[in-house]
Each structure stands twice: as C-alpha cells, then as structure tokens.
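Me: I'm new to this structure and would love a close look at a single part of it. Could you walk me through the largest nonpolar core?

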Amino acid sequence: MATIRIIDAEEARAAVSDLNEILSDCINGGASVGFMLPFSASDATFYWREVADSVEGGVTILAVAEVEGRIVGTVQVGLASKPNQPHRGDLMKLLVHRSARGLGLSRLLMEAVELEAVRRGRSLLVLDTATGSDAEKIYPRFGWERVGVIPDYAMWPQGGFCGTTLFYKRLA
Ligand SMILES: CC(C)(COP(=O)(O)OP(=O)(O)OC[C@H]1O[C@@H](n2cnc3c(N)ncnc32)[C@H](O)[C@@H]1OP(=O)(O)O)[C@@H](O)C(=O)NCCC(=O)NCCS
C-alpha cells in the first residue's frame, strides 16, 4: 500500500538519502533527467539540498511516494515566478525507483502534485521529457497534451543526443 505526501523542506532534508537512491537508480537505468554517468551519491545530495531550499522558498512543490516506510518515488512542480505567469508551473523529475515500477505510483504522484498546484493557484502545467523514453508514453495517459519534439535537446546519461518532447496540461 502506497502513501503519497506533499512534503515540506524539513521532511525533504530528512528524505535526502532515499531521494538520492531514487535519482541514482533512474540515471543508472538510463533516464535522461539532467545528469550524466557516472553519477555519485554526493552529486545527488547537492541536488536534493537545493530542491529542499526551493521548497522552503515556496517555489517548488515536492511530492513523495512511500511503500513500507521507504520513499520510492517523487515528483516536483516548479512554480513559475515571472509576474506574467502566476498561473503556470513546470512539472519536473517524475522518478520511480525501478524496484517499485508498474504499481501505479507515478499516476498517484501526478494526481497529488496536480491537486496541490491547483491549491496554489496554478491552472497550467508544462513539462519536457526525453523522446523515446517510457515517460513519454505515460503522460498522454494522465491527460497531458503533446506539443512536439525538439531534436538533440539533451544527452542520454551514457552519452549521445536525445530529443525532448514537450507536453502541457490545463488544470481544473
Ligand atoms: C516513467 C515512470 C515515472 C513511470 O512510473 P511507474 O510508477 O512505473 O508508472 P505507473 O505504474 O504509475 O504507470 C502509469 C501508467 O503508465 C503505464 N506505463 C507504465 N510504464 C509504461 C511503459 N514503459 N510503457 C507504456 N506504458 C507504461 C501504466 O500502464 C499506467 O497506465 P494506466 O494508469 O493508464 O493503467 C518510471 O518509469 C520512471 O521513473 N522512469 C525513469 C525516470 C524518468 O524518465 N522520468 C521522467 C522524467 S520527465
């Protein structure tokens, strides 16, 4: 049975070890999520501390999925801060540990974070994800609209260019 929670900065700092493990597992599994191989735990620690700081600053929503007391999935929404985009957010880093995939956790995480985004006054979310990845296939199942592909946008963790596919979703 999974528990999905929106966490604050203190909880995020306490969760760094589990979050490191998830990020590292996804990158070592070939996900193009901002980092290259080899990817160390210390790289991950620096990253999650920055995320916790941005949660504290009120500019990031951070959700986690727990199974049997361990955090095995996570997702973020960055709240756009430009004065002309008070209604928009950037969905980022939907990550589920390989040991916990196929259980429906990403759907639950997305539902939770979208609800929280609405609560924070957001009515439009955007995201980009590696073209050809598993993640690209799932966003349409969650009601996201595919916009198009930018070729050679980033790199796979082991090297080589990958495109990015842009999506958006209007929230109720
Ligand atoms: C993408 C990812 C988050 C999916 O997590 P998950 O918890 O295994 O997904 P779920 O079990 O919630 O499945 C969600 C839906 O997608 C479908 N799905 C899951 N994996 C799929 C795949 N490889 N191909 C096609 N559909 C898939 C499921 O059937 C389910 O559909 P349904 O709810 O309509 O029945 C996970 O594979 C992952 O962490 N990948 C690496 C990181 C990454 O690339 N993240 C994206 C960053 S933008």
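Reply: Here is a walk through that core, with a short look at its setting.

Please keep in mind that this is a predicted model. Let's start with the whole chain: the protein has five helices and seven strands, and along the sequence they follow the pattern β-α-α-α-β-β-β-α-β-α-β-β. Its radius of gyration is 15 Å, close to the 16 Å that the globule rule gives for 172 residues, so the chain is as compact as a globular protein of that length. Of those 172 residues, 33% count as buried.

Now to the core itself. The largest nonpolar core holds 41 residues, and Leu109 and Val113 are the ones that touch the most other members. Several elements give two or more residues to this core: the helices are H2 (16–28), H3 (41–56) and H4 (105–119), while the strands are S2 (60–67), S3 (70–79), S4 (88–96) and S5 (124–130). As a general point, nonpolar side chains in soluble globular proteins tend to be buried together.

Val113 is a good residue to zoom in on. Leaving aside residues up to four places away in sequence, Val113 touches Ile61, Ala63, Val75 and Val77. Looking at the chain as a whole, among contacts with a separation of 6 or more, 63% are between residues 24 or more positions apart.

Two of the core's elements turn up elsewhere too: S4 and H4, along with helix H5 (134–138), each give two or more residues to the shell around the ligand. The largest share of that shell, four residues, comes from H5.

Definitions and conventions: Residues numbered from 1 in each chain as written. Predicted model: local features only at pLDDT ≥ 70, side-chain atom pairs only at ≥ 80, totals over all residues. Core = buried A, V, L, I, M, F, W, Y, C linked by C-beta atoms within 7 Å. Buried ≥ 20, exposed ≤ 12 C-beta atoms within 10 Å, placed from the backbone. Contact = placed C-beta atoms within 7 Å. Rg over C-alpha atoms; globule rule 2.2 N^0.38 Å.
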